[in-house]
Amino acid sequence: MSASEKGTGRNSSRMDVEGRTVQHSATTMSQLIMPHQANRLGNAHGGEIMKIMDTAAGVAALRHAHTAVVTARVDGINFYHPIKVGDLITVNAFLTFVGHTSMEVQVEVIAEDIIAEKTTHALTAYFILVALNEQGKPTKVPPLIVSSEKEKELWERGKRRYEMCRSELMAGDDNYRVCREEPAVPRHGR
Ligand SMILES: CC(C)(COP(=O)(O)OP(=O)(O)OC[C@H]1O[C@@H](n2cnc3c(N)ncnc32)[C@H](O)[C@@H]1OP(=O)(O)O)[C@@H](O)C(=O)NCCC(=O)NCCS
């Protein structure tokens with residue numbers, strides 16, 4: 001690491017690349033839902049599904065950033081379709097947008113009833129992960145190379161969500177402190 005790079009968290013393995021494609025980091029994970037992951041009705045606990053989604057998003061972000069990553073935010077988790085014991089879930093995670101140190105990962109969950117040969121798109125959500133350097137501080141990630149029309153469209157949508165997150169829409173909510181320019185004011189009585 002050169003003197004000018006000290007403290008920036010950059011290193012050659014990550015930052016000497018012009019960028020990485022969406023395919024480079026795209027990740028698929030599958031898991032059979034077991035009884036211990038479900039309630040009495042045989043429906044998978046939401047937390048079980050979220051855990052595998054978070055893991056897949058983390059692997060995709062790690063493959064892109066080549067440094068430690070943490071989940072900063074999750075948007076859009078809605079369980080419209082129950083996932084049952086015995087279903088095979090396949091989780092597809094791929095980057096849609098990168099900022100400076102943050103990455104948006106789209107995570108889709110497909111549930112398959114193997115016996116009935118029926119697949120259901122159970123849900124899609126967006127995970128924002130932040131790359132960290134050795135000091136645990138946010139560090140720059142390589143650019144994301146988007147080439148297909150679909151990837152370009154997803155990039156534009158991700159960019160809009162990124163900009164919206166930083167806009168005044170969330171300025172009144174302390175929970176979105178990081179999306180604001182000014183520091184959070186501690187709430188009283190907590
Ligand atoms: C995420 C974290 C590293 C951000 O640290 P920070 O010093 O507040 O970071 P910054 O304000 O400099 O923001 C860094 C980037 O993260 C993004 N970001 C941080 N928090 C975010 C949030 N809640 N939603 C969306 N984006 C967020 C910022 O927009 C910025 O993106 P950019 O660099 O691409 O422009 C820090 O809040 C943290 O460590 N959180 C705990 C993470 C964790 O432990 N997760 C596991 C679940 S418990």
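Modeller: Ala, Val, Leu, Ile, Met, Phe, Trp, Tyr, Cys and Pro count as nonpolar, Asp, Glu, Lys and Arg as charged, and the others, Gly among them, as polar. The structure itself is a predicted model.

Colleague: Into which classes do the residues of the shell around the ligand divide, and how many fall in each?

Modeller: The ligand is surrounded by 14 residues, and the closest include R73 and G99. By the classes above, Arg counts as charged and Gly as polar. The whole shell divides into 8 nonpolar, 5 polar and 1 charged.

Colleague: Which strand gives the most to the shell around the ligand?

Modeller: Two strands, β3 (68-75) and β6 (118-132), each supply at least two residues of this shell. The strand that gives the most, with 4 residues, is β3.

Colleague: How many helices and strands does the protein have?

Modeller: Along the sequence the pattern reads α-β-α-β-α-β-β-β-β-β-α. Counting the two kinds of element gives 4 helices and 7 strands.

Colleague: Which are the edge strands of the open sheet of 5 strands?

Modeller: Strands of a sheet pair through backbone hydrogen bonds, either parallel or antiparallel. Here the pairing is antiparallel and the order is β2-β4-β5-β6-β3. An edge strand pairs on one side only, and this holds for β2 (27-32) and β3.

Colleague: By what angle are neighbouring strands of this sheet turned against each other on average?

Modeller: The strands in question are neighbours in the order β2-β4-β5-β6-β3. With direction ignored, the average turn between them is 30°.

Colleague: Which helix packs on the sheet?

Modeller: The helix touches β4 (88-98), β5 and β6. Its direction makes about 75° with that of β4. It covers residues 149-165 and is named α4.

Colleague: How many bridges join β5 to β6?

Modeller: β5 (residues 102-113) and β6 form a hairpin with 4 residues between them, and E117 in the turn has a positive phi of about 55°. Across the pair, E112 stands opposite T119, while M103 has L129 as its bridge partner. The two strands run antiparallel, and the number of bridges is 12.

Colleague: What is the bridge partner of D75 in β6?

Modeller: β3 and β6 also pair in the antiparallel sense, over 7 bridges. In β6, the partner of D75 is Y126.

Colleague: What percentage of the residues of the protein count as buried?

Modeller: A residue is buried if 20 or more other C-beta atoms lie within 10 Å of its own. Of the 190 residues, the share that counts as buried is 26%.

Note on methods:
Residues numbered from 1 in each chain as written. Predicted model: local features only at pLDDT ≥ 70, side-chain atom pairs only at ≥ 80, totals over all residues. Near = placed C-beta within 6 Å. Pairing = 2+ DSSP bridges. Axes fitted to C-alpha atoms, helices over the stretch in contact; angles between N-to-C directions. Contact = placed C-beta atoms within 7 Å. Buried ≥ 20, exposed ≤ 12 C-beta atoms within 10 Å, placed from the backbone.
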